[in-house]
Amino acid sequence: MNDQPDVLVLGAGPAGIGAALAATELGLRTAILDRAPDGGGQVYRSSLTLPQPGYKSAEKGIRLRQALAASSAKVFFDCRVWSVRRDFRVDGIDPEGKKTWKPKSIIAAIGTTERVIPFSGWTTPGVYGHAATTILLKSQSILPGNNSVVAGSGPLLAAVAYGIIAGGGNVAAIIDIAGRGEWLASIPALLSRSEDLRRGLKWIREIRRAKIPILYRHSVLAVNPREDGLEVIAQPVDSNGQCIVSGQTQTITADSLSIGNGLTPSTELTRLLGAEHVFVAEAGGWIPSLDSRQRTTISGLYAAGDGAGITGADAALTEGKIAGYTVALDMNRIDASEHERLISPLIARLMKVSRAGRRMAQMMAPRPGQISDIKPETVVCRCEDITRQEIDAAIDNGASDINQLKSWTRCGMGPCQGRTCGDVVASIVAARCGGREKVGCWSPRIPLTALSMDELTGDFDYDDIPIPRAAPL
Ligand SMILES: Cc1cc2nc3c(=O)[nH]c(=O)nc-3n(C[C@H](O)[C@H](O)[C@H](O)COP(=O)(O)OP(=O)(O)OC[C@H]3O[C@@H](n4cnc5c(N)ncnc54)[C@H](O)[C@@H]3O)c2cc1C
């Protein structure tokens, strides 16, 4: 435990790398870790099989990884954080075994979790979240299938469809909850990130060129397995996301479905560390309360990137740098005027780029009709097989916040610890019990990530375990 870092950065996406670069630039002893085999996070994920099909963001990722490698930060990859304590003890596991840190400051930059609103057949093999599809495409150059349907909401639809086409696959259809008008209304906000706008327009051109049918204002009603793949049934919806009962459904045959309904900030670390959180729908859900310099309400704890509100990769990198410089100020490595000089251009940039990010988060956000349309027999918590009907029955019996619901139904107690279903469950309860703020969010529990007892205890032989002698009667 000697030689502890001044600052430990949790997560090596753009926010974490930005934070580590800023902190090392000002001479702080910095360590950074990530469960991934390399830095870059979700958007700049490194590839095991170069080149990544058609993803320009690969170059930005390479530049960030090079900058991190050239810095004095100590990096720990393939390292999962499974516990953080209020005295700032952080426990992780990497291929060499257990690791423990006791830094003076922590920057939480653990990104986001994808939301999928359950529908009949969503757990069928061949149905992927967009994050899983992009991991396949970006880091392994593998297609989710030869003939895929891409569905959900927000910019990831075009990104994933384009990635599949660029990787040599076919997209049978795009099923988009939004209408054309909503996309047109997003253009002014996107002008603040002209590079992303150009990239998006290129994706759309390629989608048009490939003559992929786009079903606007539709959602997935059901997926049925067939002998040779999947049958995806699309239904028309209104602007609230609710099924239009008199509308005509369409059946599309495919061998995979990639679907996502937006992103929610990953806040398990900041919640476990006791920081205050607020619910901000347009930021994706519960986020830590921050001052304008990325400080949480806990002294020495900072947050940046998607884990502090969904604003996109540019904003994440910028927030990370502000957090790194602020740690240096708080540890008296620089004075207030130097801090101000360093962060002023970053604050200006953040205001510019986060406008587009927030608009995209809005496009991805679930609509109330999607929640009310979840059928009684549909499984919502897939780890514990809890259906909507069971959740409604618990609410009928008096469960009015989601932790009560958790104890009554085991919803959210499985291996994913509610990361997959938590946001949807909270929306179901909130619709009946008075809003998201009122129903709260799961209490975080360790282990933060799935790990085996073997990893935790190390190698042992049963014969070596001392057996206490029975007490005399
Ligand atoms: C499928 C998908 C595609 C996207 N495409 C785009 C895009 O094209 N453009 C754009 O601007 N934004 C995109 N986004 C959003 C984008 O990912 C983020 O805005 C950006 O990556 C946020 O950076 P971050 O550093 O906050 O988080 P991330 O990039 O998510 O990085 C967080 C890191 O924390 C690590 N981590 C989390 N928990 C633990 C733990 N317990 N132990 C160890 N490590 C941990 C993760 O492995 C991850 O590497 C996309 C998001 C998704 C899910």
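How far is an oxygen atom of the ligand from a polar backbone atom of alanine 313? I looked this up in a predicted model, and the distance is 3.0 Å.

**Entry 1, backbone contacts.** I then checked two other residues for backbone atoms close to ligand oxygen. For glycine 312, a polar backbone atom is 3.5 Å from an oxygen atom of the ligand. For proline 14, a backbone N or O atom lies 3.3 Å from a ligand oxygen atom.

**Entry 2, cover.** I looked up how much of the ligand the protein hides. On its own the ligand has 980 Å² of accessible area, and the protein covers 91% of that.

**Entry 3, the shell.** I went through the elements that give two or more residues to the shell around the ligand: helix 1 (14–25), strand 4 (80–84), helix 3 (130–140) and helix 8 (313–330). Helix 3 supplies the largest share, 3 residues. I noted that 28 residues surround the ligand, and that Asp34, Val81, Arg193, Asp306 and Gly312 come nearest. Sorted by class, I have 13 nonpolar, 9 polar and 6 charged residues in the shell.

**Entry 4, a surface patch.** I turned to the surface and found a nonpolar patch formed by Leu184, Ile187 and Leu191. Together these residues have about 300 Å² of accessible area. I placed leucine 184 in helix 5, which spans residues 180–190. Is leucine 184 buried or exposed? I recorded leucine 184 as exposed because its relative accessibility is 59%, and the cut-off for exposed is over 50%.

Methods. Residues are numbered from 1 along each chain as its sequence is written. This is a predicted model: local features need pLDDT of at least 70, side-chain atom pairs count only at pLDDT 80 or more; totals for chains, interfaces and linings use all residues. Side-chain values use heavy atoms; hydrogens and water are left out. Patches are made of residues with over 30% relative accessible area and no salt bridge: like charges are joined within 9 Å, nonpolar side chains (Val, Leu, Ile, Met, Phe, Trp, Tyr) within 5 Å. Accessible areas come from the Shrake-Rupley method with a 1.4 Å probe; for residues, only the protein chains shown count as cover. A salt bridge is a side-chain nitrogen of Lys or Arg within 4 Å of a carboxyl oxygen of Asp or Glu. Helices (H or I, at least four residues) and strands (E, at least two) are DSSP runs, numbered from the N terminus. Buried means under 20% relative accessible area, exposed over 50%, partly exposed in between (1.4 Å probe, protein chains only). A residue is near a molecule or strand if one of its heavy atoms lies within 4 Å of it. A polar contact is a pair of N or O atoms within 3.5 Å; within protein, one must be able to donate a hydrogen and the other to accept it, and residues adjacent in sequence count only if both atoms are side-chain atoms. Ala, Val, Leu, Ile, Met, Phe, Trp, Tyr, Cys and Pro count as nonpolar, Asp, Glu, Lys and Arg as charged, and the others, Gly among them, as polar.
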